[in-house]
Every structure is written in structure tokens, then in C-alpha cells.
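Here are my notes on the model you sent over. Have the coordinates open while you read.

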Amino acid sequence: MPGTDDANHLLRRKIMGYIVAQAIFAVTELDVIEHLGDDAVEVGELAHRAGADRDALQRFLRVLVAEGLFEEPAPGVFAVTSLGALLRRDAPGSLRHLTTLMAGEAYQAWSMATHSLRSGQPAFDVVFGKPMFEWFNDHPAAAATFDTAQAGLVELRLLPLLERDWSEVGTVVDVGGGNGGLLNELLARHEHLRGVLFDQPQVVEETKLALTKEETRQRCEVVGGDFFSGVPSGGDAYVLAQILHDWNDEQAIAILRQCNQAMPPQGRLLILEQVIPEDGEPHPARLLDLHMLVLLGGREREESAWRRLLTAAGFETLHVSHSARSSLIEARPVAG
């Protein structure tokens with residue numbers, strides 16, 4: 001147990017943690033890490049490159065030095081660490097896009113987190129006057145920023161799918177596939193696959209532009225619709241990548257049942273999500289669980305909860321594999 005002074009210091013840091021998150025977002029927005037490159041740069045020169053105030057930049061960076069993102073090898077000279085380098089645009093598995101998703105409207109929604117705690121309902125609706133995806137329909141610039149950030153996380157999500165054996169799959173249906181980044185990559189790597197990208201009608205027109213390779217476009221059908229009403233039939237595998245955590249259990253089961261009805265008996269359901277460990281230890285999925293509540297009224301789930309959800313929707317869980325970035329849950333329809 002820490003002493004009283006240590007405990008006070010620790011708790012103060014936790015209470016003020018949003019300052020660290022917003023400091024990371026601010027230096028990322030100004031491309032400070034890109035302007036540093038692999039060099040140690042004097043803060044005045046760095047401020048000139050980034051278009052920042054010299055004194056303010058030094059104060060921001062010194063906070064993030066203490067967080068391990070930067071180092072100060074000489075007074076007023078800064079360099080990025082291996083941890084901070086994960087925010088570079090071209091870093092494998094870059095977390096730059098995550099800073100965007102955690103800022104802006106999402107950050108504002110957290111100002112009413114008490115509403116979610118009291119009601120179990122999303123705070124976003126109170127702050128912005130309507131549910132998040134409805135609000136995005138009225139604010140296309142914000143929606144585009146959100147979609148771009150989501151697409152930037154595809155590389156992280158896709159790894160468990162790429163490692164899977166696709167030799168027995170002919171057609172894969174990406175349910176709620178957004179701008180097509182995940183399916184585009186999957187089809188490019190597995191030339192025998194055909195794809196169906198399914199999302200809301202207002203999304204799918206832009207999706208056609210995101211399928212960047214001509215040969216990929218020729219193997220992909222883009223379909224608009226509502227996954228609460230039905231999903232395209234005829235697929236061998238159905239992918240739900242970070243979709244079900246947007247919804248509460250009742251809504252998630254409704255989506256799963258629509259997939260079940262569309263699938264052949266031998267079909268496979270592939271769910272990519274963050275699965276909360278059941279050991280009670282700190283984990284990013286626990287934080288994301290609260291974030292989904294505040295934004296959408298959704299939730300992250302433990303493996304046991306996923307199994308219960310799938311059973312309720314008429315599926316048998318076959319396998320759950322975990323990685324540092326996401327988990328892959330594989331299921332099939334229950335016969336009869």
C-alpha cells in the first residue's frame with residue numbers, strides 16, 4: 001500500500017488523466033512527432049516547424065516526457081521515444097487515429113458521463129441532442145473524420161483475420177463494413193475470395209470509392225441496407241468487425257439473428273472485438289467498455305458474455321482467439 005503522500009499523488013494523476021490524453025492529441029494534431037523524425041531538435045526550431053508557441057510546446061512536451069512519449073537529452077532539446085513513435089502516421093499499427101477518435105465529439109460527450117452512470121444511457125445524445133450516428137448524418141465533415149480514423153485502425157483489427165485459413169471460403173460478407181478498408185485488404189491478400197460489403201445506404205456510395213484496386217472492386221459487391229432488418233444471403237463467412245460493441249445485448253442479439261437467418265448451415269460467423277479479460281486486471285477493453293456506454297449505450301464483453309450472446313442468437317461458439325490488439329470469435333449456426 002502506498003503511503004498517504006504517494007496515494008495522494010497517484011490519485012491526483014488519475015483524476016487529471018484527461019490532460020495527458022488531450023496533450024497527446026494536441027501534439028499529434030500539430031504533427032510534432034513527424035517534425036521530429038529520428039532527430040533530437042531544439043524546441044524553438046521544433047515550434048517553428050510545427051507552427052506552435054515555443055513556451056507552450058516546451059510545457060506540453062515536458063508533461064509527455066514524464067509519460068514516456070518523448071525524451072529531453074539536453075535542456076530544451078527533445079526527441080521521440082519508441083513509445084511516442086507509435087503515433088507516427090507510417091508506424092506499423094499506428095495509434096495516431098485512436099487519438100482522433102478519443103478527441104472531438106467523443107471527448108465532449110464525456111462531460112456528461114454522470115448521465116450514463118445514472119441512467120445506463122449514452123451521454124452523447126444529451127450533449128449533442130441525438131444519437132451519435134444520427135448526428136453524423138447531419139455533420140458530414142465530422143463523419144468523414146470519424147470514418148478516416150476508423151479506417152486507420154483497420155491494420156490493427158485485421159491481423160486475426162489475415163492469420164485465419166480462408167481456403168474453404170468463397171464469399172465473405174462484411175456486415176457494417178463502413179468505407180471498405182477491411183474488406184479491401186482482405187480481398188487483396190486472398191485472390192480467390194469474393195466480397196459483399198453491407199452498410200447503410202448513405203455509406204455505400206462512398207464505399208465504392210474506397211475500394212482502391214480495380215481487381216478488388218471487380219470481386220466486391222456493395223449493398224445498402226439495415227442490419228436490423230436483414231443482411232445479404234449467400235455468404236460462406238460473415239464478418240462483424242467492431243460492430244456489436246456499439247449496441248446493447250438486445251440489439252446485438254437482433255443483429256446476430258439476422259446474420260443467422262442469412263447464413264447457410266455450414267457458414268461461419270467471424271466477430272472481431274476487444275474481449276474483456278475476466279481476471280479483473282487493468283486492460284484497455286475495460287476503458288473502451290465505458291467509452292461505448294457514454295457514446296452509444298453499447299458495451300465491451302467478457303468471453304463468457306459473448307458465448308451467452310451467441311447462444312441466444314442461435315449460434316454455437318467454435319473458437320475464441322486472443323491477441324494484444326483484438327480477439328477473433330468464430331461461431332456457426334446451430335442445426336435445426
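The points below go from the whole chain to a few helices, then to rings and loops.

1. Ground rules. This is a predicted model, so to speak of local features I need pLDDT of at least 70, side-chain atom pairs count only at pLDDT 80 or more, and totals for chains, interfaces and linings use all residues. Residues are numbered from 1 along each chain as its sequence is written, and side-chain values use heavy atoms, with hydrogens and water left out.

2. Overall shape. The chain has 18 helices and twelve strands; these are DSSP runs numbered from the N terminus, with helices being H or I of at least four residues and strands E of at least two. The C-alpha atoms fill a box of roughly 70 × 50 × 40 Å along the principal axes. The radius of gyration is 22 Å, which agrees with the value near 20 Å for a compact globule of 336 residues (taken over C-alpha atoms; the rule is 2.2 Å times the number of residues to the power 0.38).

3. Burial and contacts. Of the 336 residues, 44% are buried (under 20% relative accessible area; exposed is over 50%, partly exposed is in between, with a 1.4 Å probe and protein chains only). Among contacts with a separation of 6 or more, 62% join residues 24 or more positions apart, where contact means heavy atoms within 4.5 Å. The accessible surface comes to about 17300 Å², and carbon and sulfur atoms hold 53% of that (Shrake-Rupley method, 1.4 Å probe; for residues, only the protein chains shown count as cover).

4. Helix α2. Take residues 17-29: the end C-alpha atoms of α2 are 19 Å apart, in agreement with the 18 Å that 13 residues should span at 1.5 Å a residue (the expected span is 1.5 Å times one less than the number of residues). Ala23, Ile24, Phe25, Val27 and Thr28 are the ones to click on here, as they are buried in α2. The buried residues of α2 pack against α3 (32-36), α5 (54-66), β2 (70-74) and α6.

5. Helix α17. This one covers residues 284-296 and reaches 18 Å between its first and last C-alpha, close to the 18 Å expected. Its buried residues are Ala285, Leu288, Asp289, His291, Met292, Val294, Leu295 and Leu296. Their cover includes α6 (96-101), α7 (105-109), α8 (113-119), α9 (124-128), α10 (132-138) and β9 (275-276). Right after α17 comes glycine 297, with a positive phi near 80°.

6. Aromatic rings. How many aromatic pairs does a search of the whole structure find? The search gives nine (rings of Phe, Tyr and Trp, the last by its six-membered ring, pair if their centres lie within 6.5 Å; planes under 30 degrees apart are stacked, over 60 edge-to-face, the rest tilted). Phenylalanine 124 and phenylalanine 128 are stacked, with centres 4.4 Å apart and planes at 25°. They are four residues apart in helix α9, about one helical turn, and both are buried.

7. A second pair. Phenylalanine 133 and phenylalanine 146 meet edge-to-face, at 6.2 Å centre to centre and 75° between planes. This pair links distant parts of the chain, 13 residues apart: phenylalanine 133 is in α10 and phenylalanine 146 in α11 (residues 140-152). Phenylalanine 133 is partly exposed at 27% relative accessibility, whereas phenylalanine 146 is buried at 18%. One aromatic cluster takes in Phe124, Phe128, Phe133, Trp135, Phe136 and Phe146.

8. Charges over rings. Arginine 164 lies over the face of tryptophan 166, 5.1 Å from the ring centre. The charged end of arginine 301 sits over the ring of tryptophan 306, 5.1 Å from its centre. For this, NZ of Lys or CZ of Arg must be within 6 Å of the ring centre and within 35 degrees of the ring normal.

9. Loops to check. Most residues other than glycine have a negative phi. Aspartate 31, in the loop between α2 and α3, has a positive phi near 55° and is buried at 19% relative accessibility. Glutamine 242, in the loop between β7 (237-241) and α16 (249-262), also has a positive phi near 55°, and counts as buried at 11%.

10. An exposed loop residue. Glutamate 191 lies between α13 (181-189) and β5 (194-199) and is exposed at 65% relative accessibility. Its C-alpha is 8.6 Å from that of threonine 216, 25 residues away in sequence.
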